[in-house]
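Here are some short exercises to work through with the model open beside you. Try each task on your own before you read its solution.

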Amino acid sequence: MTTQPGRGLVLVVEDDPAIAELASLYLRRDGFGVQVEADGGAALATIRRVRPAAIVLDIGLSGMDGIEICRTLRAGGDWTPVLFVTARDDELDRLLGLEIGADDYLTKPFSPRELSARVRTVLRRAAGAAPPAETYTVGGVRVDVGQRRVWAAETEVALTSTEFDLLTHLVKRPGQVFSREQLLSSVWGYAASAGTRTVDVHIAQLRGKLGGHSPIRTVRGIGYAADAG
């Protein structure tokens with residue numbers, strides 16, 4: 001079912017009808033149009049047809065799962081904001097080792113109000129404000145804040161809006177160590193109760209994309225920092 005979008009159309013890809021209905025209810029209350037798909041292949045076709053503003057994507061779909069959908073989109077140059085919904089910790093563990101390009105993660109069971117709030121956040125981040133014309137170089141990585149572009153050595157690297165904001169937060173303060181809670185608050189705008197493992201997932205994705213040029217250092221028991229090396 002589709003409703004007329006106000007803030008934009010959100011595609012909810014979820015094979016549990018009760019969860020899909022609850023998520024849709026709260027998103028519509030927040031002024032979003034909503035379309036629901038329960039099948040991965042159908043969802044991919046819908047994304048290409050309707051071009052939603054954001055996608056709420058369950059990982060554990062039958063057939064084509066959420067990870068494969070997101071990877072296919074990113075490989076094709078589609079950077080529509082994606083919020084992954086995971087049912088189990090082992091699914092989040094799986095994401096830690098993958099370069100997927102999602103913008104956020106939410107673990108079931110979740111509050112539908114929090115889901116709607118996170119969709120608003122990823123859309124606001126994707127739209128972006130007019131950033132200052134600043135460039136930061138840490139090690140082999142250069143970040144152009146104004147153009148929202150990143151290079152590892154001389155190769156430009158495509159990042160999601162969330163990945164870009166996380167990297168920028170670190171390279172603007174080289175050597176400074178940030179806890180996961182601090183990063184979650186500053187970059188995502190969430191309280192620590194929202195779960196800090198999403199920070200680890202995004203750090204893993206950034207390292208995968210930046211390769212050997214990544215300036216990100218893990219500070220055991222504390223968090224992360226960007227160092228020149």
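Throughout, a contact means heavy atoms within 4.5 Å. The model is predicted, so local features need pLDDT of at least 70 and side-chain atom pairs count only at pLDDT 80 or more, while totals for chains, interfaces and linings use all residues. Residues are numbered from 1 along each chain as its sequence is written, and side-chain values use heavy atoms, with hydrogens and water left out.

**Exercise 1. The surroundings of Val143**

Task: Find which residues Val143 is in contact with, leaving aside its neighbours within four places in sequence.

Solution:
- Step 1. On the list are Glu134, Thr135 and Tyr136, then Arg149 and Val150.
- Step 2. Phe164, Leu167, Thr168 and Val171 complete the list.
- Step 3. Place these in elements: helices (H or I, at least four residues) and strands (E, at least two) are DSSP runs, numbered from the N terminus. Strand 6 covers 135-138, strand 7 covers 141-144, strand 8 covers 149-152 and helix 6 covers 161-171.

**Exercise 2. The nonpolar cores**

Task: Work out how many residues the largest nonpolar core has, and which have the most contacts inside it.

Solution:
- Step 1. Recall the terms. A nonpolar core is a set of buried Ala, Val, Leu, Ile, Met, Phe, Trp, Tyr and Cys residues joined through side-chain atoms within 4.5 Å. Buried means under 20% relative accessible area, exposed over 50%, and partly exposed in between, with a 1.4 Å probe and protein chains only.
- Step 2. The largest core has 26 residues, and Val143, Val150 and Leu167 have the most contacts inside it.
- Step 3. Helix 6 gives the largest share, five residues.
- Step 4. A second, separate core has 20 residues, including Ala43, Ile47, Ile59 and Phe84.
- Step 5. Ile59 sits in the loop between strand 3 and helix 3 (66-75). Ile59 counts as buried because its relative accessibility is 2%.

**Exercise 3. The four-stranded sheet**

Task: Find the order of the strands in the open sheet of four strands, and which strands stand at its edges.

Solution:
- Step 1. Two strands pair if DSSP finds at least two bridges between them.
- Step 2. The order is 6-7-8-9, with antiparallel pairing.
- Step 3. The edges are strand 6 and strand 9 (155-157); each has a single partner strand, so one side of each is left without a neighbour in the sheet.
- Step 4. Four bridges join strand 6 to strand 7, with Tyr136 opposite Val143. Strand 7 and strand 8 also pair over four bridges, and Val141 stands opposite Ala152.
- Step 5. Helix 6 packs on the sheet, touching strand 6, strand 7 and strand 8.
- Step 6. The covered face of strand 6 holds Tyr136 and Val138, and the uncovered one Thr135 and Thr137. In a regular strand the side chains alternate between the two faces of the sheet.
- Step 7. Two residues lie between the strands in the hairpin of strand 6 and strand 7, where Gly139 takes a positive phi near 60°.

**Exercise 4. The whole chain**

Task: Find how many helices and strands the chain has, and what share of its residues is buried.

Solution:
- Step 1. The chain holds eight helices and twelve strands.
- Step 2. Of its 229 residues, 51% are buried.
- Step 3. Among contacts with a separation of 6 or more, 61% are between residues 24 or more positions apart.

Notes:
Axes fitted to C-alpha atoms, helices over the stretch in contact; angles between N-to-C directions.
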